[in-house]
Amino acid sequence: MMKRLFDIFASLLGIILLSPLFLIIYVAVKFSTHGPAFFVQERIGKGGRPFMIYKFRTMIVNNEQDGIPQLAEADDERLTKVGKFLRTHHLDELPQLWNVLKGDMSFIGPRPERKYFIDQIMEHDPRYVELYKIRPGVTSYATLYNGYTDTMEKMLRRLELDLYYLDHQSLSFDIKILYKTFANIVTGKKF
């Protein structure tokens, strides 16, 4: 309950305080390429339920050939110039404050994944279903130490780290993850 109250308070405060930054990013994305400023995609959350995740769009429109999901790579050619900057500094994730406020996500928890990739992960390791016990997060222990997951090997490594978090979650652990995430963003460290 404390975690949810923190999520509500902090996400609402973040939306209010960062609204000028939201506006600047919105304008930059909207006017640098054609298409919408926001990217909305179905992800799987707590209890295995789907929800729509919100991000600032970082890639060209219609970036998946034949509708087949593709993993994003660090220097993906589908990234726009503004999108590459937003991803490098994790600013594309800011709209997820709305997901946190709504209760789809928490600040800290396993990153939400698409069902297409979950099915592939579960072919290798069916323990992924354990992650359905908690809300997915804007940041995670795995994000700090595994970075973007652009291969199956990294997805399986992320799962191990997420399961470690699940077994060791606590308020102090969440604070450490939040602090380290914030410190990495401020100092420009890639993760």
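**Notebook: M52, N99 and the nonpolar core**

I looked up M52 to begin with, and I found that M52 is partly exposed because its relative accessible area is 34%, where buried means under 20%, exposed over 50% and partly exposed in between (1.4 Å probe, protein chains only). I note that this is a predicted model, in which local features need pLDDT of at least 70 and side-chain atom pairs count only at pLDDT 80 or more, while totals for chains, interfaces and linings use all residues. I also note that residues are numbered from 1 along each chain as its sequence is written, and that side-chain values use heavy atoms, with hydrogens and water left out.

I placed M52 in strand 2 (residues 50-56) and N99 in helix 4 (residues 96-102); helices (H or I, at least four residues) and strands (E, at least two) are DSSP runs numbered from the N terminus. N99 has 0% relative accessibility and therefore counts as buried. I then saw that the N99 side chain reaches the backbone oxygen of M52 at 2.8 Å.

I listed contacts (heavy atoms within 4.5 Å), leaving aside neighbours within four places in sequence: N99 meets F51, M52, I53, Y54, D104 and M105, and M52 meets V40, Q41, E42, N99 and D104.

I turned last to the largest nonpolar core, which has 34 residues, with I25, Y165 and I177 having the most contacts inside it; such a core is a set of buried Ala, Val, Leu, Ile, Met, Phe, Trp, Tyr and Cys residues joined through side-chain atoms within 4.5 Å. Helix 7 gives the most to this core, with six residues.

Conventions: Polar contact = N/O pair within 3.5 Å; in protein donor to acceptor, adjacent residues only side chain to side chain.
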